[in-house]
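Colleague: I have the coordinates open and some terms to challenge. Tell me what justifies each label.

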Amino acid sequence: MYRSPHAAPLSTVAESRRGRTAGRFCRDCLSVYPLHASRHGGKPTDGRDHVASPCVHEGRPFTDGAPWWEPAVEILPEPQPNPEPLAAAN
Ligand SMILES: [Zn+2]
């Protein structure tokens, strides 16, 4: 199954490859919802396009510490053995 590579649940990404938080991952429907959405909506930014039945958490607020979701983070590229030097940023 193809999954968009830009965001994944925090717990599935190695610590060294965690980028910025990109959204919220619902563990029930396995979809990522945008950070600006305070509630579980029906339209994920990442996940299955067609869900047979609405997620049981649909409409629920993403309360901190709720067990049914976790942050989704961007996945950083694999560390390169010989990274190109970064241009100095001013
Ligand atoms: Zn869900």
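Colleague: Which residue of β4 is the bridge partner of P9?

Modeller: A72 is the partner of P9. Keep in mind that this is a predicted model.

Colleague: What makes β1 and β4 a strand pair?

Modeller: The cut-off is at least two bridges. Strand β1, residues 7-9, and strand β4, residues 69-75, are joined by 3 bridges. So they count as paired, because 3 meets the requirement of at least two. The two strands run antiparallel. A7 in this region stands opposite E74 of β4.

Colleague: How do you know that β2 pairs with β4?

Modeller: By the same test of at least two bridges. Strand β2, residues 18-26, shares 6 bridges with β4, in the antiparallel sense. The pair therefore qualifies. G23 stands opposite A72 in β4. A72 is also the bridge partner of P9.

Colleague: What is the strand order in the sheet?

Modeller: The order is β1-β4-β2-β3, in an open sheet of 4 strands with antiparallel pairing.

Colleague: Why are β1 and β3 at the edges?

Modeller: Each has a single partner strand, so one side of each is left without a neighbour in the sheet. Neighbouring strands are turned by 50° against each other on average, direction ignored.

Colleague: What is the pattern along the sequence?

Modeller: It reads β-β-β-β. The count is 0 helices and 4 strands.

Colleague: What makes a set of residues here a nonpolar core, and which residues are in the largest one?

Modeller: Members must be buried, of nonpolar type, and joined through C-beta atoms within 7 Å. The largest such set has 11 residues: A7, A8, F25, C26, C29, V32, Y33, C55, W69, A72 and V73. β1, β2, β3 (31-34) and β4 each supply at least two of them. β4 gives the most, with 3 residues.

Colleague: How do you know that C55 touches C26?

Modeller: Contact requires C-beta atoms within 7 Å. C55 touches C26, D28, C29 and H40, leaving aside residues up to four places away in sequence. C26 and C29 belong to the largest core, as does C55.

Colleague: What share of the protein is buried?

Modeller: Buried residues make up 18% of the 90 residues. The label needs 20 or more other C-beta atoms within 10 Å.

Colleague: What share of contacts joins residues at least 24 apart?

Modeller: 55%, among contacts between residues at least 6 apart in sequence.

Notes
Residues numbered from 1 in each chain as written. Predicted model: local features only at pLDDT ≥ 70, side-chain atom pairs only at ≥ 80, totals over all residues. Buried ≥ 20, exposed ≤ 12 C-beta atoms within 10 Å, placed from the backbone. Contact = placed C-beta atoms within 7 Å. Axes fitted to C-alpha atoms, helices over the stretch in contact; angles between N-to-C directions.
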